[in-house]
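Hi,

Here is the structure we talked about, ready for you to open. Have a look around first, then read on.

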Amino acid sequence: GDNEQGLTAGDRVAIEPYLACGQCRPCRAGRYNCCARLEVLGVHCDGGMREYLSVPTSLLHRSDRLSLDQLALIETLGIGYHAVERGQVAAGEWVVVVGAGPIGLATMQFAVLAGARVIAVDINPDRRRFCRRLGVEHTVDATADPVAQVEALTGPELAHCVFDATGSLGAMSGALKYAGPGGRVVMVGLAQGTFAVNDSLFHRRELTLHASRNSAGAFPALIGLMESGKLDTTPWITHRLELASLPETFPGLYAPEAGVVKAIIEV
């Protein structure tokens, strides 16, 4: 039917899965990513691993040039895009990203695009090698005094901005150690529970602590970056699955030896 987006049957679109109320204070300020009554497709309500679903047309973002594979990656990339916005990353700054899972990798990719000098910190050597494919120049083994390794690269002033993308309460507490005086720390990964802050370090360095949740208004910008070739998603998709096979194959995706970065489910 008629719609403000001018969409027609057969259009290729990315689905922005954030169902916001549009009325609360964050929504009125354009920050619908942290709507007081937010529901996310696949988290709070049924998601996309099915043959059909109904989505408001306002959440559909069309591209005539991008493939379905590219469009399927936009939501994940949007989380990293928004995180880098929250961190106000500037060209030439030292940026540390702790955790090289998909959210951390997306954060690294946009920090690189912003012109930052990015250091990836992770325990997995395969993930550290993958970071190089996204343009990350420096990687650090999280199991071997990572703060000292970071300082060897940045000098004693350490990082301007640190992103934690681990979802580990312990790692989140430790993320502050990478930030230099006047630095910013952005919590991107989500964990259930409470993480501790070393208040002496926090105050002595006068750090700024941010949370980052989902994204808001990022989809059009991401589509533009991908259509222009500035954002290369070629390395991201490492596995493909058929919808009918999921009951048997899905559990195996969690195994570290599977080497999954992103798996595409073909319907």
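Below is what I found in it, one part at a time.

Before anything else, keep in mind that this is a predicted model.

Let's start with the sheet. It is an open one made of six strands, in the order 7-6-5-8-9-10, and the pairing is parallel. In case pairing is new to you: strands of a sheet pair through backbone hydrogen bonds, either parallel or antiparallel. Which strands stand at the edges? Those are strand 7 (138-141) and strand 10 (208-211); each has a single partner strand, so one side of each is left without a neighbour in the sheet. From one strand to the next, the twist averages 20 degrees.

Now zoom in on one edge. Strand 7 pairs with strand 6 (residues 117-122) in the parallel sense, over four bridges. You can find the spot by looking for A120, which stands opposite T139 in strand 7. Helix 5 (residues 125-133) packs on the sheet here and touches both strand 6 and strand 7. The direction of helix 5 makes about 170 degrees with that of strand 7.

Next, the inside. The largest nonpolar core has 45 residues, and the ones touching the most other members are I74, L77, V95, L105, M108 and F163. Several elements give two or more residues to this core, including strand 5 (94-98), helix 4 and strand 8 (159-164). Helix 3 gives the most, with six residues. As background, nonpolar side chains tend to be buried together in soluble globular proteins.

Take L77 as an example: leaving out residues up to four places away in sequence, L77 touches A106, Q109, F110, L222, M226, L231, T233 and W236. There is also another core, lying apart from the largest one; it has 20 residues, among them A159, V162, M187 and L201.

Two of the contacts of L77 take us to helix 9 (residues 219-227), where F219, L222, I223, L225 and M226 are buried. Why are these on the same side of helix 9? They cover an arc of only 160 degrees around the axis, which puts them there together. The general rule helps: an α-helix has 3.6 residues a turn, so residues three or four places apart point the same way. The buried residues of helix 9 pack against strand 1 (13-15), strand 4 (60-62), helix 2 (68-72), helix 3 (74-87) and helix 4 (102-113). After helix 9 comes G229, with a positive phi near 85 degrees.

Helix 4 is also the place of T107. Is T107 buried or exposed? With 0% relative accessibility, T107 counts as buried. Setting aside neighbours within four places in sequence, T107 is in contact with G80, A83, V84, V97, F163 and V188.

Finally, a few loop residues to click on:

- Q88 sits in the loop between helix 3 and strand 5. Its phi is positive, near 50 degrees, in a residue other than glycine. At 59% relative accessibility, Q88 counts as exposed.
- L158 is in the loop between helix 6 (146-154) and strand 8. L158 is not a glycine either, yet has a positive phi of about 60 degrees. Its relative accessibility is 8%, so L158 counts as buried.
- G47 belongs to the loop between strand 3 (39-40) and strand 4. G47 and P17 are 30 residues apart in sequence, and their C-alpha atoms are 8.4 Å apart in space.

Have fun exploring!

How values were computed: Residues are numbered from 1 along each chain as its sequence is written. This is a predicted model: local features need pLDDT of at least 70, side-chain atom pairs count only at pLDDT 80 or more; totals for chains, interfaces and linings use all residues. Side-chain values use heavy atoms; hydrogens and water are left out. Buried means under 20% relative accessible area, exposed over 50%, partly exposed in between (1.4 Å probe, protein chains only). The arc is that of the directions from the helix axis to the C-beta atoms. Contact means heavy atoms within 4.5 Å. Two strands pair if DSSP finds at least two bridges between them. Axes are lines fitted to C-alpha atoms, for helices over the stretch in contact, and angles run from 0 to 180 degrees between N-to-C directions. A nonpolar core is a set of buried Ala, Val, Leu, Ile, Met, Phe, Trp, Tyr and Cys residues joined through side-chain atoms within 4.5 Å.
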